[in-house]
Amino acid sequence: MNKSLLEKLSNDALVDRAIQIGDRTGYMASFFTGGLFSLEQLHNLFEEIKISGQAHEKSKFLELGSGNGVVAILAASAGFESYGIDINKDLVGLSGEFLEQLKREGAVPDGLLCRFVAGDYSAERRAAYDELGIKFSEIDVFYAFNTFEELKKIYEMFEKHSKNSARLIHPGIGVLDFIRSNFENLEATETGNFTVINKKG
Ligand SMILES: C[S@@+](CC[C@H](N)C(=O)[O-])C[C@H]1O[C@@H](n2cnc3c(N)ncnc32)[C@H](O)[C@@H]1O
C-alpha cells in the first residue's frame, strides 16, 4: 500500500475526518471504520483475494453503504474497479470530495477508478446501479459494515443476486454458525477481524 495513502487513511486521520464529517452532516456512523481496525489489514485482505485468484486486476468492488468512502477508495487503490452506494447524499458528496483531494495530493493516481452514487443499495432497487452503469450480478467483491439486522438482509441479497464466484466481506466475526444454519447456499470463513462469505459450489 502506498505510504502517502496509508498516512491519509491512518486511524488518526480518519477519526479527525469523521469528526469533520459529523460536524458538517450530523452523521457520525462513518467514524467506525476509522476506529475498529487498521485499514492496512483490510488492504492486505483485498490483496490476498486478488493473489488467491478469486479476483484479478479490475475486478469489480462495491461498498454497500459507503459512508465516508474510505473503503471503496482503498479497494480502488488495491486495483479494483471500485464503487460505493450510500443512501446519505451528504456522505456521497464528501466521499467524492475526499477522493479528489487524495488525487490532488498525489496519494492516489489521477485515473483511479472509484465512483460514488447516492441511493439505495438493495439489489431489487435498480436506480443506483443504473446510474453507476453496473449490475449487482457483475460485482466480484462486496463490502458492508452495518448492523446485524441490516447484514442479514445483505446476506439474503448476496445469496440471491450475486454471481457464483462473488465474495462478501464484512468487519466482525462470530457469525459462521448463523450463516451455516440460515443460508444453505453460503459458506463463510474468518480472516483476522473480518468475515468473508462466498457461495457454495
Ligand atoms: C455503519 S455505516 C458504514 C460506512 C462505511 N461502509 C464504513 O465502513 O465506514 C453504514 C452506511 O450504510 C448506509 N446505508 C444504510 N442502509 C442503506 C441502504 N439501504 N442503501 C444505501 N446505503 C445505506 C448508511 O447511510 C451508512 O453510511
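This report describes the overall build of one protein chain, then some of its helices and strands.

**The chain as a whole**

The model is predicted. Its protein chain contains nine helices and seven strands. The radius of gyration is 16 Å, close to the 17 Å that the globule rule gives for 201 residues, so the chain is as compact as a globular protein of that length. Along the principal axes, the C-alpha atoms fill a box of roughly 45 × 35 × 30 Å. Buried residues make up 38% of the 201 residues. Of the contacts between residues at least 6 apart in sequence, 62% join residues at least 24 apart.

**Helix α4: one side buried**

Helix α4 covers residues 39-51, which is 13 residues. From its first C-alpha to its last, α4 reaches 18 Å, close to the 18 Å expected at 1.5 Å a residue. The buried residues of α4 are L39, L42, H43, L45, F46 and I49. Why are they on the same side of α4? They cover an arc of only 155° around the axis, and this puts them on the same side of the helix. A general point about helices helps here: an α-helix has 3.6 residues a turn, so residues three or four places apart point the same way. The cover over the buried residues of α4 includes helix α5 and the strands β4, β5, β6 and β7.

**Helix α5: enclosed**

Helix α5, one of the elements that cover α4, runs over residues 70-77. How many of its eight residues are buried? Eight of the eight are, so α5 is largely enclosed by the rest of the structure. These buried residues are V70, V71, A72, I73, L74, A75, A76 and S77. Just after α5 comes G79, which takes a positive phi of about 110°.

**Strands β4, β5 and β7**

Strand β4 (141-144) and strand β5 (167-171) are also among the elements that cover α4. The two strands pair in the parallel sense over three bridges, and V141 stands opposite R167 in β5. Together with helix α8 (residues 148-161), β4 and β5 make a right-handed β-α-β unit.

Strand β5 also pairs with β7: the two run antiparallel and are joined by five bridges. Here L168 stands opposite I197 in β7. Is β5 mostly covered or mostly open? Strand β5 is mostly covered, with four of its five residues buried.

**Helix α6: two exposed residues**

Helix α6 spans residues 89-104, and K89 is found in it. E100 is found in helix α6 as well. A residue counts as exposed if 12 or fewer other C-beta atoms lie within 10 Å of its own. K89 has 12 such atoms within 10 Å and is therefore exposed. E100 has 10 other C-beta atoms within 10 Å, so E100 is exposed too.

Each of these residues can also be placed against a residue further along the chain, as the table shows.

| Residue pair | Places apart along the chain | C-alpha separation |
|---|---|---|
| K89 and F116 | 27 residues | 9.9 Å |
| E100 and D110 | ten residues | 8.5 Å |

**Summary**

Helix α5 has eight of its eight residues buried, while the buried residues of α4 lie on the same side of that helix. Strand β5 pairs in the parallel sense with β4 and runs antiparallel to β7. In helix α6, K89 is exposed, and E100 is exposed.

Definitions and conventions
Residues numbered from 1 in each chain as written. Predicted model: local features only at pLDDT ≥ 70, side-chain atom pairs only at ≥ 80, totals over all residues. Buried ≥ 20, exposed ≤ 12 C-beta atoms within 10 Å, placed from the backbone. Rg over C-alpha atoms; globule rule 2.2 N^0.38 Å. Contact = placed C-beta atoms within 7 Å. Expected span 1.5 Å × (residues − 1). Arc of directions from axis to C-beta. Pairing = 2+ DSSP bridges. Right-handed = clockwise from strand over helix to strand, strands pointing away.
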